[in-house]
Amino acid sequence: MDKQTSRNLWRITAGQRLRYASAIAVTGLASAFMLSVPLVGGYVLDVVDTQDLAQGAALLVEAANTLAVEIGGKPYVAYLVLSAVAGVGLTALGATCQYLQGRWAAIASEALARRLRETMYERMQHLPASFFDEADTGDLVQRCSSDVETVRVFLSSQVVQIGRSILLLSVLTPILFARDARLASLALVLMPFIIAGAYYFFAKVREQFKITDESEGALTARLQENLTGIRVVRAFARQAYEVEHFGSKSLALRDNRERLNRLSGAYWAVSDFLCTAQVCIVLIAGGMFLAAGSLSVGELFAFMMQVTMVIWPVRHLGQVLNESGKAMVSLGRINHVLLAEEESRDPAPATERVRGELVLENVTVEYEPDRPVLKDLSVHIPAGETVGIVGPPGAGKSTLIRLLARLYEPQHGRILIDGLDLLEVDRHWLRRQLGIVMQDPFLYSRTVADNLRVARADVNDTEMMAAAREAAVHDAIVGFPAGYRSRVGERGVTLSGGQRQRLALARALLVEPPILVLDDALSAVDTGTEGQIMAALERRRGRHTTIIIAHRLSSVRGADRILVLEQGRLIQEGTHATLAATSGPYRRLCEIQGALDEAIERDLKETSNAV
Ligand code: ATP
């Protein structure tokens with residue numbers, strides 16, 4: 001276990017350590033009670049064998065004599081009865097302790113698993129966007145579910161079992177030596193081999209489990225990706241390809257599990273052999289000592305029972321270590337999330353609502369080293385202005401918005417909102433100033449109203465409907481069977497792409513953000529509806545700063561200013577009229593779109609004539 005893992009394990013057990021210590025202590029007590037039973041049995045055997053009460057346990061002999069006097073029976077019979085009662089009593093006490101151990105360990109481990117899950121979930125809410133760029137969602141799900149479960153199982157039973165084995169060995173070894181040093185040495189002669197074997201196995205299993213767990217993570221990720229993109233898979237008739245790929249990942253998982261099982265099988269076979277050999281050594285040597293008269297039948301019986309009681313937990317150490325190996329791997333995977341650097345937490349400015357002025361000063365940003373996506377970009381957007389941004393795919397338009405929301409930070413330059421440097425303000429505060437509508441918005445699998453309330457929990461029906469009207473989606477919603485109470489399928493699948501975009505726009509409008517951003521958010525909306533939305537935004541002009549990113553020029557034509565980006569650089573800026581009148585990329589874009597629109601119109605006319 002590396003230092004980081006053990007430190008983390010120690011940290012997560014905070015608040016439950018006393019319960020764990022009690023569980024281990026009570027296991028020690030259980031073992032003590034259980035180990036006393038063979039002693040009682042051994043004394044009984046000696047008394048029966050010699051017919052001499054003096055060979056019995058002193059305490060029980062004294063009690064038997066008193067009892068015999070009181071009830072007028074034979075001390076020999078009273079001794080046998082008392083021994084039976086003592087044996088049953090000790091076993092019952094041992095069982096009670098076992099029960100308490102199981103219960104306390106379960107309560108503690110469930111509490112810890114809950115804490116782990118919640119801490120991970122909470123942590124993920126504050127991890128930077130770059131963390132999720134590199135992570136597979138399915139793999140993260142596995143870290144929060146089955147990896148936490150592996151750690152829970154480890155904490156609920158393995159920790160206690162390890163404690164029990166250590167206690168048993170350290171308490172019983174001196175007792176065995178005190179009783180008969182010769183037999184004790186022989187009883188433990190194979191123990192180092194059993195422990196060394198278990199340790200070797202532990203190292204091997206840990207390695208193999210890591211590989212197995214990773215292949216399980218890859219399988220879950222594949223499954224999650226497939227289910228999320230099931231429509232794309234069908235649209236491109238990729239089912240056979242997907243099934244084949246899933247099959248290869250599934251096969252890899254099976255092979256890795258098989259290797260793990262082979263390792264386990266080999267360990268159990270070897271350790272079975274060593275444990276049985278160890279018991280045989282004690283039996284043969286004990287038999288010889290018995291024949292030589294240096295050991296009684298009872299002593300041999302007690303010795304045999306106690307050695308067996310110690311040897312099996314030690315043998316199980318292999319299994320325990322196996323499980324521990326898995327838990328360490330899972331803990332490492334959990335650590336990957338828990339130790340990932342969170343987004344910094346900065347103070348929220350005193351102003352609750354900004355005016356909406358944005359300044360970008362020589363901003364350069366790169367996702368990968370030496371591959372800048374925005375290069376030395378400087379822009380000033382006064383509060384209340386409507387700005388259109390156009391440019392070819394990959395020009396860096398969405399990156400600009402991600403910078404505004406501080407999902408990523410520029411490597412050079414700075415961005416100011418009402419004069420405040422974005423890098424110095426609280427992200428939550430910042431995101432409250434922005435209403436961003438994406439091209440492919442995320443909707444919860446809840447009702448339409450619930451999805452709108454995500455923006456503002458206290459919104460009333462009138463406000464909700466007003467926003468939906470502005471976003472030209474109200475008529476569509478009231479057309480659904482349950483209106484605003486209609487449930488939106490997972491990721492909004494029961495809605496068309498355009499309806500989803502309009503619902504997301506309504507959600508953003510409800511917040512009345514000082515800065516409204518439409519990132520290609522009307523791409524799936526027909527031109528008629530787009531016109532309605534643009535007219536609604538026109539009525540709002542001046543109420544907030546508006547940034548419209550679009551491929552369709554009709555969305556930005558009415559903007560106060562249009563910025564043309566290409567390969568991360570601002571290459572043109574001006575109103576539609578000035579840019580359209582100047583030769584350059586924007587004019588070319590107008591010509592291409594004009595030609596396209598004409599062609600579409602011609603096609604439509606021809607089709608309607610044919611009909
Ligand atoms: P589109 O019009 O197609 O939406 P865009 O102008 O919005 O394109 P961006 O999404 O800003 O373009 O992407 C700009 C460049 O940055 C692209 O080359 C893209 O591949 C790259 N890029 C975007 N996001 C990431 C990321 N998370 N990690 C690495 N590269 C990225």
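Begin by selecting strands β2, β1, β4 and β5, which form an open sheet in that order with antiparallel pairing; strands here are DSSP runs of E with at least two residues, helices are runs of H or I with at least four, and both are numbered from the N terminus, while two strands count as paired if DSSP finds at least two bridges between them. At the edges of this sheet are β2 (372-381) and β5 (420-421), each of which pairs on one side only. Zoom in on β5 and strand β4 (residues 412-417), which are joined in the antiparallel sense over two bridges, with Leu-420 in β5 as the bridge partner of Ile-417.

Before moving on, note that this is a predicted model, in which local features need pLDDT of at least 70 and side-chain atom pairs count only at pLDDT 80 or more, whereas totals for chains, interfaces and linings use all residues. Residues are numbered from 1 along each chain as its sequence is written, and side-chain values use heavy atoms, with hydrogens and water left out.

Next, select strand β3 (residues 386-390), where five of the five residues are buried (under 20% relative accessible area, with a 1.4 Å probe and protein chains only), so the strand is largely enclosed by the rest of the structure. Colour its two faces separately: Thr-386, Gly-388 and Val-390 lie on one side, Val-387 and Ile-389 on the other, and all are buried. Then add strand β8 (residues 545-549), which pairs with β3 in the parallel sense over four bridges, and strand β9 (residues 561-566), which also runs parallel to β3 and is joined to it by four bridges. Val-387 is a useful residue to centre on, as it stands opposite Ile-547 in β8 and opposite Arg-561 in β9.

Now turn to helix α6 (residues 137-144), which is largely enclosed by the rest of the structure because six of its eight residues are buried; among them are Leu-140, Gln-142 and Arg-143.

Finally, select the ligand and the 15 residues that surround it, each with a heavy atom within 4 Å of it. The closest are Gly-394, Gly-396, Lys-397, Ser-398 and Thr-399, and helix α13 (residues 397-404) supplies the largest share of the shell, four residues. For the side-chain contacts, show Lys-397, with an N or O atom 2.8 Å from a ligand oxygen atom, then Asp-133, with an N or O atom 3.0 Å from a ligand nitrogen atom, and Arg-402, with a polar atom 3.3 Å from a ligand nitrogen atom. Taken alone the ligand exposes 640 Å², of which the protein buries 64%, by the Shrake-Rupley method with a 1.4 Å probe.

Methods: Polar contact = N/O pair within 3.5 Å; in protein donor to acceptor, adjacent residues only side chain to side chain. Buried < 20%, exposed > 50% of the residue type's maximum accessible area, 1.4 Å probe, protein only.
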